[in-house]
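Colleague: Please take one loop and look at it closely. Then work outward from there to the rest of the chain.

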Amino acid sequence: MESNTQYARMDYWDKRFETEKNFEWLSGLEAFQHIVTPLIPKSSSIAHIGCGSSQVSMQLWNLGYKNITNVDYSKVLIENGRLEHPYMEWIADDITTLANCESSSFDVVLEKATIEAILVTEKSAWEPSDSALQNLENIFSSICRVLKPNGIFISVSFTQPHFRVPALLREKNWSVEMFEFGESFHYYVYVCRKGAAANKELADRYSSIAKSWLRPL
Ligand SMILES: C[S@@+](CC[C@H](N)C(=O)[O-])C[C@H]1O[C@@H](n2cnc3c(N)ncnc32)[C@H](O)[C@@H]1O
């Protein structure tokens with residue numbers, strides 16, 4: 001039987017993208033567009049990190065966003081993307097470093113379900129491993145580095161705020177806000193603004209249950 005842990009392996013994604021042209025994790029833009037588009041002016045430079053074969057970048061393009069960079073560590077996916085959608089930028093990069101992305105180059109960094117893929121080998125949502133926390137710190141500091149001052153990180157996720165808000169609060173250089181969407185199964189949009197002060201009410205509400213996500217390394 002297939003195991004979810006494969007989602008943490010680059011060779012799994014490379015193989016998958018040899019044939020997969022379009023697959024949407026969690027949901028398409030139409031379900032959370034009402035939350036994110038008011039936050040993003042049309043002139044924004046947007047990086048969709050861990051983009052996979054999602055159509056969110058193409059949907060944003062069709063809404064009038066014309067400065068879009070797609071980032072994924074699968075070179076197979078990036079090559080396919082360049083061939084099929086040459087009007088957008090495509091960068092092969094690991095989101096734990098974003099080493100191939102310039103500092104202060106994006107107004108918006110968007111991720112959907114990629115942090116979940118990276119954390120899939122974790123044994124417990126209550127007791128994250130040191131390596132999970134280190135990965136998160138690396139991802140968040142890399143995102144902060146590539147964001148322009150006042151830029152925003154948008155994370156679309158199924159992870160409950162009791163687990164995700166304290167994780168996001170490991171990064172001290174941004175504020176954290178949360179929105180919810182979905183009818184039966186609920187999803188979350190976390191919005192972090194670089195250079196803004198943390199929202200104390202949200203931090204207090206969500207930092208007391210799963211405290212290990214804030215444990216110092
Ligand atoms: C669960 S899929 C999500 C794809 C897309 N964001 C969506 O919502 O449909 C995870 C994606 O992240 C990519 N990925 C996983 N780990 C990564 C990493 N460390 N750096 C960059 N991309 C990564 C995979 O290649 C895959 O395309």
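**From one loop outward**

Modeller: His 85 sits in the loop that links α4 to β3. Keep in mind that this is a predicted model. Is His 85 buried, exposed or partly exposed? The count of other C-beta atoms within 10 Å is 15, so His 85 is partly exposed. A buried residue would need 20 or more, and an exposed one 12 or fewer. Arg 16 precedes His 85 by 69 residues in sequence, and their C-alpha atoms are 19 Å apart in space.

Now step back into the helix before that loop. α4 covers residues 75-84, and α1 covers residues 10-17. These two helices pack at about 35°, with 7 Å between their axes. Which residues meet there? From α1 come Trp 13, Asp 14 and Phe 17. From α4 come Val 76, Leu 77 and Asn 80. By type, the contact has 4 nonpolar residues, 1 polar and 1 charged.

Trp 13 leads on to the ligand. Along with Gly 50, Gly 52, Ser 54 and Tyr 73, Trp 13 is among the closest residues to the ligand. In total, 21 residues surround the ligand. Of that shell, 11 are nonpolar, 6 polar and 4 charged. Which element gives the most to the shell? The answer is α5, residues 114-118, with 3 residues.

Follow α5 in both directions. Ahead of α5, in the loop from β4, is Ala 113. Ala 113 has 21 other C-beta atoms within 10 Å, so Ala 113 is buried. Not counting residues up to four places away in sequence, Ala 113 touches Trp 25, Leu 26 and Ser 157. Thr 159 is 46 residues from Ala 113 along the chain, yet their C-alpha atoms are separated by 9.2 Å.

After α5, the loop towards α6 (130-146) holds Leu 119. Why does Leu 119 count as buried? Leu 119 has 20 C-beta neighbours inside 10 Å, and that places Leu 119 in the buried class, because the class starts at 20. Phe 181 is 62 residues from Leu 119 along the chain, and 22 Å separates their C-alpha atoms.

Next, strand β5, residues 147-157. Two of its residues deserve a look. Asn 150 lies in this strand. What is its class? Asn 150 is exposed, because 10 other C-beta atoms lie within 10 Å. Ser 155 is also in β5, but Ser 155 is buried, with 27 other C-beta atoms within 10 Å. Setting aside residues up to four places away in sequence, Ser 155 touches Glu 111, Ile 115 and Tyr 190. Ile 115 falls within the α5 range of 114-118. Leu 110 is 45 residues from Ser 155 in sequence, with 5.9 Å between the C-alpha atoms.

Now the backbone. Most residues other than glycine have a negative phi. Asn 150 has a positive phi of about 70°. Leu 98 has one too, of about 50°. Leu 98 belongs to the loop between β3 (89-92) and β4 (106-112). Is Leu 98 buried or exposed? Leu 98 is buried, because 25 C-beta neighbours lie inside 10 Å. Asn 150, by contrast, is exposed.

A record covers much of this ground. An unreviewed UniProt entry lists residues 48-154 as "domain: Methyltransferase type". In the model, that span is 36% helix and 24% strand. Its end C-alpha atoms lie 9 Å apart.

Last, the whole chain. How many helices and strands does the protein chain have? There are 8 helices and 7 strands. Of the 217 residues, 35% are buried. The C-alpha atoms fill a box of roughly 45 × 45 × 35 Å along the principal axes. For 217 residues, a compact globule would have a radius of gyration near 17 Å; the chain has 16 Å, so the two agree. Take the contacts between residues at least 6 apart in sequence: 68% of them join residues at least 24 apart.

Methods. Residues numbered from 1 in each chain as written. Predicted model: local features only at pLDDT ≥ 70, side-chain atom pairs only at ≥ 80, totals over all residues. Axes fitted to C-alpha atoms, helices over the stretch in contact; angles between N-to-C directions. Helix = DSSP H or I, 4+ residues; strand = E, 2+ residues; numbered from the N terminus. Contact = placed C-beta atoms within 7 Å. Nonpolar A, V, L, I, M, F, W, Y, C, P; charged D, E, K, R; others polar. Near = placed C-beta within 6 Å. UniProt positions renumbered as here; feature names shortened; annotations may be inferred. Rg over C-alpha atoms; globule rule 2.2 N^0.38 Å.
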